Amino acid sequence: MIKSKERKADFGEVFTSEREVKAMLDLVEGETCRIESRFLEPACGDGNFLIEVLRRKLEVVKKRYCDSNLEFQVASFQVIASLYGVDILLDNVETCRERLLNFYENFYESTLKQPICEKLKISLAYVLGKNIIQGDAISLRTSDGTQPIVFCEWSFVSGTKVKRVDYTFENLIAYQPFDEQSLFSDLGTEAFLPPPIKTFGLVNFLKVSDE
């Protein structure tokens, strides 16, 4: 599946069909049903893989939290925050973000039978703006080559409070082993902790865009 012969020739752009997407994700079905499990698509296109991961995770959220708006929103934020993508073409990046947000909005309104909370929508749009990035996953840098790709880790620390920690893509894949005792030392030499480039204070999940 291609958009044009020129894009395929210039960027090697080929889109995976829905059938193949589902078959491949079935191989890691357990992870696609874990709300907190993070997924990175290094050549995300307009989001075919990420949309299906989102759909599967939201079905879990629906089963667990449809009776509580707040718990539904918190779990939804965690799901959106667990999805990451990189694509070299800006139009793909923008379309991917829009598809994910629109899919979630429709799911929210059909599940809870009410319009989406506007503050939640703004927060999720902000997270997607940070998580779905224009860049080159081979060079690990932005498309113009001037900056490293940076990903944000979003973690619930206390109730509805979220902590954001930024890492470069390069550091995330070039793990450095611990050289001293630590919280994770019992995991042996397989435990790694990439150095962050910036850490943010705790903030309510509906106000992450205020940072």
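Let me start with Trp154, which, leaving out residues up to four places away in sequence, touches Arg38, Phe77, Ala81, Tyr84, Tyr126, Val127, Lys130, Asn131, Val162, Lys163, Arg164 and Val208. Please keep in mind, as we go on, that what we are looking at is a predicted model.

Trp154 also belongs to a wider group, since the largest nonpolar core has 48 residues, and the ones with the most contacts inside it are Phe77, Leu100, Tyr104, Ile132 and Trp154. Several elements supply at least two residues each to this core, among them helix H5 (69-81), helix H6 (90-112), helix H7 (118-131) and strand E5 (150-158). As a general remark, nonpolar side chains tend to be buried together in soluble globular proteins.

Now to the sheet, which is open and made of four strands in the order E1-E2-E3-E4, with mixed pairing. Strand E1 (39-41) and strand E4 (141-142) stand at the edges with a single partner strand each, so one side of each has no neighbour in the sheet. Further in, E2 and E3 pair in the parallel sense over three bridges, and helix H7 packs on the sheet, touching both E2 and E3, with a direction that makes about 10° with that of E3.

Finally, is Thr168, in strand E6 (residues 161-168), buried or exposed? With a relative accessible area of 11%, Thr168 is buried, because buried means under 20%. Apart from its neighbours within four places in sequence, Thr168 is in contact with Pro148, Ile149, Val150 and Ile197, while a polar atom of the Thr168 side chain lies 3.1 Å from the backbone nitrogen of Asn171.

Technical notes. Residues numbered from 1 in each chain as written. Predicted model: local features only at pLDDT ≥ 70, side-chain atom pairs only at ≥ 80, totals over all residues. Heavy atoms only, no water. Core = buried A, V, L, I, M, F, W, Y, C linked by side-chain atoms within 4.5 Å. Buried < 20%, exposed > 50% of the residue type's maximum accessible area, 1.4 Å probe, protein only. Contact = heavy atoms within 4.5 Å. Polar contact = N/O pair within 3.5 Å; in protein donor to acceptor, adjacent residues only side chain to side chain. Pairing = 2+ DSSP bridges. Axes fitted to C-alpha atoms, helices over the stretch in contact; angles between N-to-C directions.
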